[in-house]
Each structure stands twice: as C-alpha cells, then as structure tokens.
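Me: I would like a close look at one part of this model, followed by an account of what surrounds it. Please keep it plain.

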Amino acid sequence: MKIGERDWALRQAGPHIWRGDLAAAELPVLAEAIRQTGGQLVALWGSDDRQQAAGGYAVHVAFMSAEGLLWVHAPLSAEAPQFPDLSVQFPQAERMQRAAFDLLGIRAEGAVDTRKWLRHSAWAENEFPLRKDFDAHRPAPTVVVDAYPFIRVEGDGVHEIPVGPIHAGTIEPGHFRFSIIGDRILKLEQRLGYTHQGLEKRFEGRDVDTGARLAVRISGDSCSAFSWAYCMAVEQATQSAVPPRAVALRALFLEIERIANHLGDLGYLGNDVALAFGFMQFWRLKEDWLRLSGKLFGHRYLFDCIVPGGVTVDLSETGKIELRVVCDRIEQEVRELKAIYDEHAGLQDRFVNTGICKPALAARLGLTGMAGRASAQAWDARVQFPQAPYDRLDVVMATHRNGDVLARAEVRFAEVFESLRLVRQLMATLPTGELRAVLEPTAASSEGLGWVEGWRGEVIVAVRLAADGTLDRVHPHDPSWQNWPLLEVGVLGNIVPDFPLINKSFNLSYSGQDL
Amino acid sequence: MATHLILQKIFKTGCVSEPMPAPDVSMRTCEQALHADILKVFGQAVAIRHVDAGSCNGCELEIHAINGPHYNIEGAGVKFAASPRHVDVLLVTGPVSRNLETALKRTYEATPNPKWVVAMGDCGCGCGEVGGLFGENYASCGKIADVIPVDVEVPGCPPTPVALLQGILAAVSAGK
C-alpha cells in the first residue's frame, strides 16, 4: 500500500483492516507518512513474544488512514526492548507508551515524559505484569501510598486544588490536579489508573467464550462496542463467518447503547447547569429505553448478548412493534426537549464557548470519536469504513466546528436521531436465519482485530489465539486514551465550576483506559 | 419561551415515580444490632456516599438510574452526599483495585459511626461467575469485604434498580 512516497507491505486482514510487520526503526517513518496524509494514531500496545517463533517482545501500533485501520507490529529484542518515541508524530502516543512500559517493560526511546502511568504501587518498578513469567497471583506487596511527580505551577497567587480519586458524585475514580489563579484554570493534570484490574492479564489462557464475558465488562457503558469488537477479532482470527441476522442484531445493540448513553448524558448536561428538569426528563426517557431492552433482550444494558459466532438473543415480530413505538415516542420527546435546550438562555450561556477544543488542536492531538466530531474531526468508522451491516445503512455523520460544550451536545442530539433511524432501518431489513455459528477450529496461533464505532468513538480489540484456541494476548483500546489529554487542554482558562460540565460533555471512560 | 415549554412538558409528563419496594432482608450479611432511636432518625432520612472502588462503570449506571424520576430515591428520604463525613451508608462497587485500597479504607474511616456498608454487584460481592472472573490478582483485592466490613450485599451484574433499593433499605430498616 502506498502511503506518502513509499510502498508499505501490508496485507488485508478484514474489511478496511490492514496488517503488516516492520522493523522498529521504520515506525517513525510510517507514522510521519500517515501524519502527512491526514491520518491518526489510534492505539499502541505491546506483547511478550518470547514464547512465539519471533522471540523477544513486540510493539503494536494501530493507525487510522484513508485506507482504513493499519495494524503494524515491530519485533523488539528480549535483552533491550526499545522502539523510537512516536509521540513526536502523534502526541496521543505518550500515555500509551508509558502504559506499555509499566505493563511490559518495553521502552519508547527518546520520550520526554517517562513517568509511570498505570503503575501506582501495586507492583514494583522492575515488575512487568504482562510478561508471561509474571505470576498474577503472587502475594501482594505491602501497600504504600503512591507518589506521583505532578508538574507544579508556581508563582504569585497560584494554588492547587487536588480532586479525587474518590469524587463527589457518582463517577469513576481518578485524580485531577488543578492549578488555578482566582477561579481560572491555569493547568489541569490528570492521574488515572486507579481502576486497573489486571484485565489484560485476566484474558490470558482463557477460552474465547470466557473472554467474551470479560470483554463485556471492560467498560460497562460500552459493553456492546467492546464485546462486538472482541468477537470480531476472534472471528477474524478463526476465519469464522457470522450469520447475517446476528450481524444486524449486533448493530442494533450498538445503536441502542449509543442512544441510552447520549440520553443519559444530555440529562446530566442539563443537571450540571442547574436545569434539573432536563435531568429528570432525559432520565425518564433513558429508563423507558433501558426497561424495553430488559424486556426484549433480557438485560437492561445488553450484557452478554454478543458472543463469539453471533448473538444469544433474538428480536421477535411483536418485539419489533414495541421497539418501533418507543423509538417514535422518544424521537418526538427528544425533539421537544431539544427545543427547550435551544431556547433556554441560562443553559445556552453556560454551554456556548465553554471547554473549547479548536479543530486545529484537535487534529494535532488526535481528538477522536463523538468529541472529535464536535471539533470538526470528521471520522466515523460506520461512515468511512463500514463493517457489515453498516455498509448497507448509509449512516449520516454528525459534525460541528466549535468544539465547545454546546457542539458536543449538538452532536449527541444529532446522533440520537440518526441512531433511532438506524434502529428502525435495521428492524425493517433484519435478515432471517441463525443467531450463532460455531467457530472454525484453529490449528496454529492466529490473530485478529475488531473495530467498532462505539458511542464515545472507535473501540478496537486485538486478539492473539494460541494454537490450542485459548487467548494468548488480548488488548482492548478505548477512545478515552486519546481524548483524556484533550480535556486537560479544553478546560484551560475556564472557571473551576465549569469543570464538571466540560467533563460531562466528554464523559470519558476511566475503566476503559485503566484496564 | 423556554419557561412556557418547560411547564407544558411537566404537566404533560405528570408523575412517573413508582412506590418504593420492600426491603429485602435476605441481602444482609450479618445480624444488625440497631437501636430503635437510631432507626427513628435514619428511618426518616439517610445519606449515602457512593465509592467506585474499581468497577467497570456498569453498577454506576444503575446508581444514576435510582436518582431518576421512576425510582425517585430522594423522595424516600435517601440522598447521595458528596463527603463521607456526611453520610450513614457507603455504597461500594468493586472489585477493589489495589490502586484504590487505601482510598477506600480512608473513606470508611472518615465515615462517622454508626455506619453501614452496602456492597453492590457480583464483583463487589465476589459471587457468581462474574465475581470469580474478577477475583483477587496482582492488581485487585477482590470483593469489598476483603477490604472493609460489609453489612449488605446486593448481587447482580449490575443489580437492577429495584434490587439496589431493596438492599439500601435492608441496610437501614428494622428487621421485620
């Protein structure tokens, strides 16, 4: 494949998914070519290949380009596992590189920030949990309070507000260190990793069905996105086909999940500007929506509905009628509520020009997904690189240029309407047939990658199966990895009381990035 | 004008709140010795502090839901507060990651006596297949009871809002 001046040896691994291997020294060359042609770095992770034919370790990088998703890996020596720093080309690589070091001991050579990221004090500096010889059940070390070198802002009138890890509301845990003058935010630094559960280690050695149960619980609000991406990767690795009805139902679940999350967040955005009415109305609609999912599919959030080879639940003809009726009602009510949000002077005053991520900065730092689209980053895997069944759905992408809280709310509104349309269209064109196929048996080690546009943005899951069909390495990637650093930038110059509002307008995942 | 539209919508929507479910005392993990006078106070109003000790955010979705209009938990006198120093009940989701072990212990210590701890979800209770999958390892202490004393366990992945309400009420109501 030609990217920039050069031809790169990449083979097609799936629809719009390309696979290649190259020397570590070539990585910055490829990254630069992708950057110059308007692409982005999506994910970076490592693997312990000492028991594989290749030996040593490997660094894996997923890029988004005009051709689709490029998954390349570079072998690293067992003695000195190093690769060139990619945060030069793509700043979003920085935290991913630090996490790769914490978990595997592979180092980005020349990186400026080499502080720990996912490691707090649960394991020592010279221990690497994702190495195969690390015993996940070794006796726990004595707990010492984690010391992390925050960057201090000093000067007349500057003071710090430390927030978290346990927050005042019902939110996931993380630490925010604000440096402020008066009420204005001069700097925000995040410290995440608090919910690190050793999730990637938990996948190791499991069968693919158990792996699916874990994938659902990577980030509970994105269970359909993660479980679909995981299953897509397993099916690609085993070269198994999924029945068309199951494929359509997976998309139905993903759109139901998108609607549920957007409804909830639109309510909270109202709540955060003291419009409790908005919260109550949107949460009433969300509850109706969840109850219908519970009734039709057996789970309010559709946990464990997507499994390797297909899905576990079907949609009956009467179920279709019920779903259609509720879709129509919710669409009507959301239109009424949007009219109120549009008209409400107090709400608009708080939303407009708050938490701005300008398009140029969003492009430079790799802002992605729903928040990216609100800052003119027009990427949506369902639109540009549609996997079945999106290739026949003609999804309309929602974008905005202003990159403020209002823009993110507008994109959410547009996506609710579009997803409601997709739900109706998926029901109207639901193919007949089986719900689940048996996976093809594997004889040798194999790998696959799943790529799904979840409600936050692109979710990818890379899977390597051992020869006996068990999971050797699973890496899930949440778009929050790229977007958390943009939140640090987006709040600059804003007042501290607007932080919860700005934060909610992104609503990024902690557990999805902490793993 | 927005006010006109808001009032119109409120009248059209009406009241959707549903009656509170009865407490489910089977969720209690230990016989609670509760003074009648304490109950008299807490029977009227209970403050809760939610602590995410390392969950996948699934349980949190249902905690949000019970604050919505259908369940209307504040209508029953149960209110979520921002500081552990202001509450009677800690509602904890898990499994407890080692990176949050200290924070959870400190939150528990900061909560004044008498206090109750409700562990929420299969991971937090260490039950079922999911509880097993998310058991103790290098990064996780396992269930909530491994780290702080637990009074009531509400299983489920995630527990439904009704089960959660029953568990919270079981923690603070008299054994009937």
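Where is A:His167 found, and between which strands of chain A does that loop lie?

Reply: The model is predicted, and every value below is computed from it. A:His167 is found in a loop of chain A, between β10 (158-163) and β11. Its relative accessibility is 5%, and because buried means under 20%, A:His167 counts as buried.

A polar atom of the A:His167 side chain lies 3.0 Å from the backbone oxygen of A:Glu172. Leaving out residues up to four places away in sequence, A:His167 touches A:Glu172, A:Pro173, A:Gly174, A:Phe176 and A:Tyr510, as well as B:Arg49 from the other chain. A:Glu172 therefore appears twice, as a residue that A:His167 touches and as the owner of the backbone oxygen in the 3.0 Å pair, a pair that falls within the 3.5 Å cut-off for a polar contact.

The loop leads to β11, a strand of chain A that spans residues 175-181. Strand β11 runs antiparallel to β12 (residues 184-191) of chain A, and seven bridges join the two. Within this pairing, A:Ile181 stands opposite A:Arg184 of β12(A). β11(A) and β12(A) form a hairpin with two residues between them. A:Gly182 is in the turn of that hairpin and has a positive phi of about 60°.

The contact of A:His167 with B:Arg49 leads on to the interface. There, 65 residues from chain A and 57 residues from chain B take part in the contact. The size of an interface is often given as the accessible area lost when the parts come together. For chain A and chain B the buried area is about 5000 Å², with 60% of it on carbon and sulfur atoms.

Six salt bridges are counted between chain A and chain B. One pair that forms a salt bridge is A:Arg291 with B:Glu18, whose closest N and O atoms are 2.8 Å apart. The rule also finds 31 residue pairs in polar contact across the interface, with both residues at pLDDT 80 or more. On the side of chain A that touches chain B, the elements giving two or more residues are α3 (199-203), α4 (208-216), α7 (276-297) and α8 (317-343). Of these, α7(A) gives the most, with ten residues. By type, the residues on this side of chain A divide into 30 nonpolar, 18 polar and 17 charged.

Two other parts of chain A can be set beside the loop. In strand β5 (residues 40-48) of chain A, nine of the nine residues are buried, so the strand is largely enclosed by the rest of the structure. β5(A) pairs with strand β6 (residues 57-65) of chain A in the antiparallel sense, over eight bridges. A:Ala43 stands opposite A:Ala62 in β6(A).

A:Glu94 sits in helix α2 (residues 93-104) of chain A. Its relative accessibility is 26%, so A:Glu94 counts as partly exposed, whereas A:His167 counts as buried. The side chain of A:Glu94 makes a polar contact with the side chain of A:Arg98, at 2.8 Å. Apart from neighbours within four places in sequence, A:Glu94 is in contact with A:Ser87 and A:Asp113. A:Ala111 is 17 residues from A:Glu94 in sequence, and their C-alpha atoms are 7.8 Å apart.

Definitions and conventions:
Residues numbered from 1 in each chain as written. Chains lettered and ligands numbered in written order. Predicted model: local features only at pLDDT ≥ 70, side-chain atom pairs only at ≥ 80, totals over all residues. Heavy atoms only, no water. Helix = DSSP H or I, 4+ residues; strand = E, 2+ residues; numbered from the N terminus. Buried < 20%, exposed > 50% of the residue type's maximum accessible area, 1.4 Å probe, protein only. Contact = heavy atoms within 4.5 Å. Polar contact = N/O pair within 3.5 Å; in protein donor to acceptor, adjacent residues only side chain to side chain. Buried area = accessible area lost by both parts, 1.4 Å probe. Salt bridge = Lys/Arg side-chain N within 4 Å of Asp/Glu carboxyl O. Nonpolar A, V, L, I, M, F, W, Y, C, P; charged D, E, K, R; others polar. Pairing = 2+ DSSP bridges.
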